[in-house]
Amino acid sequence: MSGDVRELAMFPLGAVLFPGMPLPLRVFEPRYVAMLAAVLEDPQREFGVVLIERGSEVGGGDVRFDVGTVARIASVDVAEGWIELVATGAERLEVVRWLGDDPFPRAEVRELPTLDLDASALPALDAAEALVRATLTRASEFVELTWPPDVVLSARPFERIWQVAGIAPLGSLDQLTLLRSTTAAELLTTLVEETRAADVRLTTVWADDDDADGDVS
């Protein structure tokens, strides 16, 4: 981890990107096409992703959270009218100062520390993963999910911990809370709490729907 401040092109989105997770994007807005042209000229091919607090992904004028993730471009495909790319989440970042949106959003950022994950934390990671997969299995019977319950994750614990967080069926604000975690224990504890809460919410909705379907007037 480096505490050095550097300038980085930024892509505010309506979603949270976790380290180790893929980010497919279809880019058509001129300012982000310009951003990609600049990013692809750099050997690192990196840009920052932060969650939008208020506003829209398109058109500007949005308000953004100050913690996000570095995204590294893995593939690019140019089509008529847009650019399709896939990036992968890398280090977490903190925005030190926004530099404006002309010709595209830029910020001064610093990398956040990586989470230390020693052998004693592995049972907790395994338990959190089992809970997340079980919740996805139940949810998949009723709703369409981004990630299937049997999705393959990295065997490396420092990547898998973030990927387990990334596949959990949580809202963007809950995901942002996880991204802000300062320790692996904090991340896993919060992940378990929020996944259990999500399971209760989903189960309640399903039960209410079943009761409504069974009503006879």
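This passage walks through the strand pairing, a surface patch and the largest pocket of a predicted model.

Strand 5, which spans residues 82-100, is a good place to start, since several pairings involve this strand. On one side of the story is strand 4 (residues 63-79), joined to strand 5 by eleven bridges, with the two strands running antiparallel. One pair to look for here is Val76, which sits opposite Leu85 of strand 5. The two strands make a hairpin, with two residues between them. In that turn, Gly81 has a positive phi of about 95°.

Strand 5 also teams up with strand 2 (residues 22-27): six bridges hold this antiparallel pair together. Here Pro22 has Thr88 in strand 5 as its bridge partner. Then comes strand 6 (residues 106-111), again antiparallel to strand 5 and again linked through six bridges. Within this pairing, Arg97 is matched with Glu108 of strand 6. Strands 5 and 6 form a hairpin too, this one with five residues between the strands.

From strand 6 the trail leads on to strand 1 (residues 5-13), as these two pair in the antiparallel sense over five bridges. Arg6 faces Val109 of strand 6 in this arrangement. Strand 1 has a further partner in strand 3 (residues 46-54), and here the strands run parallel, with four bridges between them. Met10 can be found opposite Gly48 of strand 3.

Back at strand 4, Val76 turns up a second time, now on the surface. Together with Leu40 and Val78, Val76 forms a nonpolar patch there, and the three residues have about 240 Å² of accessible area between them. Leu40 belongs to helix 1, which covers residues 30-40. Is Leu40 buried, partly exposed or exposed? Its relative accessibility is 35%, so Leu40 counts as partly exposed, because that class lies between the 20% limit for buried and the 50% limit for exposed.

What about open space? The largest pocket holds about 430 Å³. Its lining is made of 22 residues, and those closest to the centre are Val16, Thr146, Trp147, Gly166 and Gln175. Which elements each supply at least two residues of this lining? They are strand 2, helix 3 (157-167) and helix 4 (172-179). Strand 2 gives the largest share, with three residues. Strand 2 thus has two parts in this account: it contributes to the pocket lining, and it pairs with strand 5.

Note on methods
Residues are numbered from 1 along each chain as its sequence is written. This is a predicted model: local features need pLDDT of at least 70, side-chain atom pairs count only at pLDDT 80 or more; totals for chains, interfaces and linings use all residues. Side-chain values use heavy atoms; hydrogens and water are left out. Two strands pair if DSSP finds at least two bridges between them. Patches are made of residues with over 30% relative accessible area and no salt bridge: like charges are joined within 9 Å, nonpolar side chains (Val, Leu, Ile, Met, Phe, Trp, Tyr) within 5 Å. Accessible areas come from the Shrake-Rupley method with a 1.4 Å probe; for residues, only the protein chains shown count as cover. A salt bridge is a side-chain nitrogen of Lys or Arg within 4 Å of a carboxyl oxygen of Asp or Glu. Buried means under 20% relative accessible area, exposed over 50%, partly exposed in between (1.4 Å probe, protein chains only). On a 1 Å grid over the protein atoms alone, a cavity is a set of points where a 1.4 Å probe fits but cannot get out, and a pocket is an open set with protein on both sides within 12 Å along at least five of seven lines; lining residues have an atom within 4 Å of a point. Grid points are joined across faces, edges and corners, and a volume is the space filled by probe spheres set on the points.
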